[in-house]
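Trainee: I would like to go through this model with you. Could we begin with the overall fold and then turn to one helix?

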Amino acid sequence: MGYIKAEDILPIEVIELIQQYVDGQNIYIPRKDKNRMEWGAGTATRQELCARNQQIYDDFCLGIRVQELAERYCLSVKSIQRIVREKKVS
């Protein structure tokens, strides 16, 4: 996320009003509800994690131990167990 200078987009009156509350500090202005996106919607991260989790489950079904999967995928044993449990249910 990059920063935009307030002077470039806001009228001076609005900047002066905001300065009454936060002078020289960074603030976050959230998106409108109608413009919000789900996590991972803007990138391929969600699909990559889904594919990784499926591979973990497939490896588990082939008999690879949870400890070995944790080391192979750089995850905790608890994370591997959670992924396997969630894939069994779905």
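Mentor: We shall discuss the fold first and a single helix afterwards. Please keep in mind that this is a predicted model.

Trainee: How many helices and strands does the protein have?

Mentor: The secondary structure comes to five helices and zero strands. Along the sequence the pattern is therefore written α-α-α-α-α.

Trainee: Is the protein spread out or compact?

Mentor: Its radius of gyration is 22 Å, whereas the globule rule gives 12 Å for 90 residues, so the protein is more spread out than a compact globule. The C-alpha trace spans about 65 × 25 × 20 Å along the principal axes.

Trainee: What share of the residues is buried?

Mentor: Buried residues account for 16% of the 90 residues. The protein exposes about 7,800 Å², and carbon and sulfur atoms supply 53% of that area.

Trainee: Turning to H5, which of its residues are buried?

Mentor: They are Ser79, Ile80, Ile83, Val84 and Lys87. These residues lie on the same side of H5, because they cover an arc of only 135° around the axis.

Trainee: Why would residues at such spacings point the same way?

Mentor: An α-helix has 3.6 residues a turn, so residues three or four places apart point the same way.

Trainee: What covers that side, and which residues are exposed on the other?

Mentor: The cover of the buried residues of H5 includes helix H3 (45-61) and helix H4 (66-73). On the other side of H5, the exposed residues are Lys78, Arg85, Lys88 and Val89.

Trainee: What span should H5 have, and how far apart are its end C-alpha atoms?

Mentor: With 13 residues (77-89) at 1.5 Å a residue, H5 should span 18 Å; its end C-alpha atoms are 19 Å apart, which agrees.

Methods. Residues numbered from 1 in each chain as written. Predicted model: local features only at pLDDT ≥ 70, side-chain atom pairs only at ≥ 80, totals over all residues. Heavy atoms only, no water. Helix = DSSP H or I, 4+ residues; strand = E, 2+ residues; numbered from the N terminus. Expected span 1.5 Å × (residues − 1). Buried < 20%, exposed > 50% of the residue type's maximum accessible area, 1.4 Å probe, protein only. Arc of directions from axis to C-beta. Contact = heavy atoms within 4.5 Å. Rg over C-alpha atoms; globule rule 2.2 N^0.38 Å. Areas by Shrake-Rupley, 256 points an atom, 1.4 Å probe, with all protein chains shown as cover.
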